[in-house]
Amino acid sequence: MLFSRLERKIAFRYLGAKKRGFGSVISWVSLIGITLGVATLIVVMSVMGGFHDTLLSRIVGMNGHVVVYHQDGAIKDYDFLIDKMKQNKIVAANATGIVPIAEGQVMAMANGNNTGAMIRGIRMSDLAAKVENGTRIYGKPLDQIRDGELVAGASLTRALRVGMGDNISLASANTSTPTPFGSMPRIMAYPVMSSFFMGMYEYDSGYIFMPLETAQKYLNIPDAVTHIDLFLRNPEDTIAVRDALANLLPDGFVVRDWRDLNRGFVGALQVESNVMFLILLLIVIVAAFNIVSSLVMLVKDKSKDIAVLRTFGVSRRSMMKIFILSGTSIGVLGAFFGTVFGVLIAIYIEPIRQFFQWATGRDLFPAELYYLSELPSKLVFSDVVGIALIAIVLAFLATLYPAWKAASTDPVEVLRNE
């Protein structure tokens, strides 16, 4: 066995000593520090993982995993190009859908209110197929939206104070109308027949979907689109499709994947996650240093007992193992309780947020700042186990110096001074 019965008995007796062992203030601080550090790390990493997956799935899922542009702006003969893409073996093996999009920025106006918005022309059958299960649709079903009708975000319709069937006027400086007084922005009114709530503030407050033909007429790009979105079975496998399209398409076309289009956003999420992990790891490190101080004082307080044990034949190695077991036990207990608390909080993070929001009367998670209406959380088993093991390893490392100090005690010198 790793530890003998005698070593375990002495180690746990020292651990239970009220003066310097587990009953001491420093040992309790160490235990609580490791528990809080592990729990906080698990919660923060789970929330960061939830943010990463939720935001990417919604942003990337609506915008396509691979996007094809043309350097001149509009893409003509897009149906021919889509058929050509589908005939490519690599594209056909990886793509689940190829969707033409006509997109532009507008000013949306209604009832004396106005706000900036992005209009996206798309075939309603494609939109219905790409809308996630968590998205709530109000009004007409998407596949029943006809030419000249709009599907607007729920937050946008609320800001403009419009209901189903009410008109929204769209003004675009990019599609001007010539008049005797010069070019004027094109302003056209369309009825809102449906609205959506994705739970992502950027889309709910700033996007308007319309049939592709309607967007082409409004943007003055008849028989053309602004870009083509490709949706893949595995969003991580974009390189092969991107390279195949680069070789397939004529000169003038630009191919980008979701990493290129969201490079700053994805990089910021990763950097923030790494920084938060390092900062919160300091809590566990500080708690580990408390274990050092606690065991050093325990060694000093029990020097006579250590000397007596050495004279009875307890080896230096056994003395080291006794104090290593005593200190590491604090780390194991802290990691266990921290893991339990952290997993429970990560699972019920949204009800906990709502409770504190109700108790304080403040919005603790504003959607316009964090882009999501709910606090996401994603527990990863490997992360939980890794965090617990890091805490135990740090606690173990913290015991090495005190254990070496105890093993180096000279019994003759100690007993001579008594």
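Helices here are DSSP runs of at least four residues, numbered from the N terminus. With that in hand, Ile-347 can be placed in helix H13. The model is a predicted one, and the tour below starts with this helix before turning to the strands, the rings and the charged pairs.

Helix H13 covers residues 316-347, and Ile-347 sits in it with a relative accessible area of 49%, so it is partly exposed, since exposed would take over 50%. Ile-347 belongs to a nonpolar patch on the surface. The other members are Leu-333, Phe-336, Phe-337, Val-340, Phe-341, Leu-344, Ile-345, Tyr-348 and Leu-379, and the whole patch has about 880 Å² of accessible area together. One of these residues, Phe-337, is partly exposed as well, with a relative accessible area of 36%. Things look different at Ser-329, which also has its place in H13. Ser-329 has a relative accessibility of 12% and counts as buried, because the cut-off for that is under 20%. Its side chain reaches the backbone oxygen of Leu-325, and the distance there is 2.6 Å.

Two of the patch residues, Phe-336 and Phe-337, bring up the aromatic side chains. The count of aromatic pairs comes to six. In the pair made by Phe-336 and Phe-337, the ring centres are 5.4 Å apart and the planes meet at 70°, so this one is edge-to-face. Elsewhere, a single aromatic cluster takes in Phe-196, Tyr-203, Tyr-207 and Phe-209.

Phe-209 leads on to the strands, as it lies in E9 and stands opposite Arg-120. Strand E9 (residues 207-210) pairs with E4 in the parallel sense, and four bridges hold the two together. On to E4 and its other pairing: strand E3 (residues 95-110) and strand E4 (residues 113-121) run antiparallel and are joined by nine bridges. Within that pairing, Ala-108 has Thr-115 in E4 as its bridge partner. What do E3 and E4 form, and how many residues lie between them? They make a hairpin with two residues in between, and Asn-111 in the turn has a positive phi of about 55°. As a general point, side chains in a regular strand alternate between the two faces of the sheet.

Next come the charged side chains. How many salt bridges does a search of the whole structure find? The search turns up seven. In one of them, Asp-79 meets Arg-123, with N and O 3.0 Å apart. Asp-79 is in helix H3 (residues 78-87) while Arg-123 is in the loop between E4 and helix H5 (124-130), so the pair ties together parts that are 44 residues apart in sequence. Both ends get some exposure: Asp-79 is partly exposed at a relative accessible area of 40%, and Arg-123 is partly exposed at 30%.

Another salt bridge brings together the side chains of Glu-149 and Lys-140, at 3.1 Å from N to O. Here the two partners fall into separate classes. Glu-149 counts as buried at 14% relative accessibility, whereas Lys-140, at 21%, counts as partly exposed.

A further salt bridge links Glu-350 to Arg-353, and the closest N and O atoms are 2.6 Å apart. Both residues lie in helix H14 (residues 349-360), three residues apart, which is about one turn of the helix. Are these partners buried or exposed? Glu-350 is buried, with a relative accessible area of 12%, and Arg-353 is buried too, at 11%. Salt bridges that share partners also join Arg-242, Asp-257 and Arg-259 into one network.

Finally, there are a couple of places where the chain meets parts of itself that are far off in sequence. His-227 lies in strand E11 (residues 227-232) and counts as buried at 5% relative accessibility. Which residue, 158 residues apart along the chain, has its C-alpha 4.9 Å from that of His-227? That residue is Tyr-69. Ile-221 gives a second example. Ile-221 is found in the loop between helix H8 (212-218) and strand E10 (224-225), and it is buried, with a relative accessible area of 16%. Ile-221 and Ala-74 are 147 residues apart in sequence, but their C-alpha atoms are separated by 7.2 Å in space.

Technical notes. Residues numbered from 1 in each chain as written. Predicted model: local features only at pLDDT ≥ 70, side-chain atom pairs only at ≥ 80, totals over all residues. Heavy atoms only, no water. Pairing = 2+ DSSP bridges. Phe/Tyr/Trp six-rings, centres within 6.5 Å; stacked < 30°, edge-to-face > 60°. Buried < 20%, exposed > 50% of the residue type's maximum accessible area, 1.4 Å probe, protein only. Polar contact = N/O pair within 3.5 Å; in protein donor to acceptor, adjacent residues only side chain to side chain. Patch = residues over 30% accessible without salt bridge, like charges linked within 9 Å, V, L, I, M, F, W, Y side chains within 5 Å. Areas by Shrake-Rupley, 256 points an atom, 1.4 Å probe, with all protein chains shown as cover. Salt bridge = Lys/Arg side-chain N within 4 Å of Asp/Glu carboxyl O.
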